[in-house]
Amino acid sequence: MAFVAGIDFGTTNSSAAISNGGTPKMVSLEQSFDTIPTALYFPNNKPGVYYGRDAMARAIDNESIAGYNDKEEDNGRFMRSIKRALGTNLMTSGTLVKGKMLTFDKIILYFMRHLKEKIDMAANESVESVVVGRPVHFVDNDLSADQRAQDELKKIATDAGFKNIEFLYEPIAAAFAHERTLNEEQLAAVIDIGGGTSDFTIIKLGGDLKNKFDRSDDILANSGTRIGGNDFDKNLALAEFMPEFGKGTLYGGRTKYEPVLTVPVGHFHDLSDWGRVNLLYTYKNINNIKKCLWQAHDKERYGRLLEVIEKQLGHKVLSSVEKTKIHLTDNDMAHVVLDFLSDSPKFAVQRTKLEESISPLITKISGIANDCVTMAGIKPSDVRLVVLTGGSTEVPYVRDVLCNLFQNAKISAENKLASVGLGLTYDAMRKFKTR
Ligand SMILES: Nc1ncnc2c1ncn2[C@@H]1O[C@H](COP(=O)(O)OP(=O)(O)OP(=O)(O)O)[C@@H](O)[C@H]1O
Ligand SMILES: [Mg+2]
């Protein structure tokens, strides 16, 4: 029997599984890892592209490979959060790679082809049928952009070599994977908060339901929003990191005719955003910042912004922000050292500051979760099981706020990394009738 596959193309991490009738098996996407960071690195001075951890190591972790003064591999183009381009005009406008404009559909195709190669290797055949996961909304409040995003992803999967392509909401996939261990039927809320989106589903799971062919009656409601861990990083960066680069400081006022102004804020927003940081590295930005720096009141801090842009260190800043956020999951305080900058600034970030900075996002996410309950026509107290999935449900504040909505529910948070990929493959088995 031919193999079918499920692909969880995530904003931050991707995974895949295959089956030819038996229990789905995760595909080793990078060495022996079941997941691969959704990241690419195009070196400038040699052909080829690196993926996943390898791309991250070259672009972020190992300065001797990707650093400013490196002779072997100069500063190439590193990319993360490519999924967020789907449905937006970035798909056709693109970004500069190796001196040429590369549109995001091509960049995502590189990644999808890489996943297909690994899937085919694991199956030992060319896999043609796939269920690809999708967030409930790629783009908020714009149904045509949302449909466009799915069409774009379908075309990319076709160009990568798949012939039969279906889609399933990511939280439903997580639910299907989870219910394998549920003997009794239960009303569940699935909460999937990843890097790019927060998705919810209210669904009946377990017992005999899991053997039913058509599950549409069991899915009571779905909701989602384009807010995820990338946005937590952005808010934390703007609140706690960007002041170290001069955000909020002044320039001008050297003569009584020269106004005193706050330094432009746009650069700080781009430097805090995984999807926009590459756009910072232009001569125009460098010149504008130099003009401002000349009159800056805090040359030490604002000078760091120039250094980051000139040396293309933005991803290192963002990576440090993300590490700080993750450290604050288990600790009340993080000590940050930005040792890739020439003056190695050091500062501390309290967990309460992270919580303050992301609080408006959590309020929005929790509102979207409540919408799901309302649309399902149930009361929160009817939910007996909460399935937590997605890396951002690790943030204690997120977990507390969302779990508090469902007072009568047992919380389950197992197999977070693999659940969506596995669930998509169960669905592929159903849809392509391999069982
Ligand atoms: N221990 C942790 N504490 C806080 N955040 C974490 C932790 N581990 C991972 N994250 C965050 O989880 C996010 C990635 O989660 P995940 O891999 O589920 O996303 P994804 O599936 O790629 O994204 P999406 O489903 O939104 O497309 C990142 O923002 C990462 O920083
Ligand atoms: Mg995900």
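Here are a few friendly notes on this predicted model, starting with its ligand and moving on to a small group of strands and helices.

1. A good place to begin is ligand 1, which has 22 residues around it. The closest are G10, T11, G194, G229 and G391, so named here as handy starting points for your viewer.

2. Which helices supply at least two residues each to the shell around ligand 1? They are α7, covering 229-241, and α11, covering 314-330. Of these, α11 gives the largest share of the shell, with four residues.

3. As for the character of that shell, 15 of its residues are polar, five are charged and two are nonpolar.

4. Next, have a look at the open sheet of three strands, ordered β6-β5-β7 and paired antiparallel. β6 (50-51) and β7 (77-80) are at the edges with a single partner strand each, so each has one side without a neighbour in the sheet.

5. Within this sheet, β5 (residues 39-42) and β6 run antiparallel and are joined by two bridges. To find the pairing by eye, look for Y41, which stands opposite Y50 in β6.

6. Helix α1 (residues 52-61) packs on the sheet and touches β5, β6 and β7. The direction of α1 makes about 55° with that of β5.

7. Helix α4 is worth viewing alongside α1. Spanning residues 104-123, α4 lies across β5, β6 and β7. Relative to β5, α4 runs at about 110°.

Terms used:
Residues are numbered from 1 along each chain as its sequence is written. Chains are lettered from A and ligands numbered from 1 in the order in which they are written. This is a predicted model: local features need pLDDT of at least 70, side-chain atom pairs count only at pLDDT 80 or more; totals for chains, interfaces and linings use all residues. A residue is near a molecule or strand if its C-beta atom, placed from the backbone, lies within 6 Å of it. Ala, Val, Leu, Ile, Met, Phe, Trp, Tyr, Cys and Pro count as nonpolar, Asp, Glu, Lys and Arg as charged, and the others, Gly among them, as polar. Two strands pair if DSSP finds at least two bridges between them. Two residues are in contact if their C-beta atoms, placed from the backbone, lie within 7 Å. Axes are lines fitted to C-alpha atoms, for helices over the stretch in contact, and angles run from 0 to 180 degrees between N-to-C directions.
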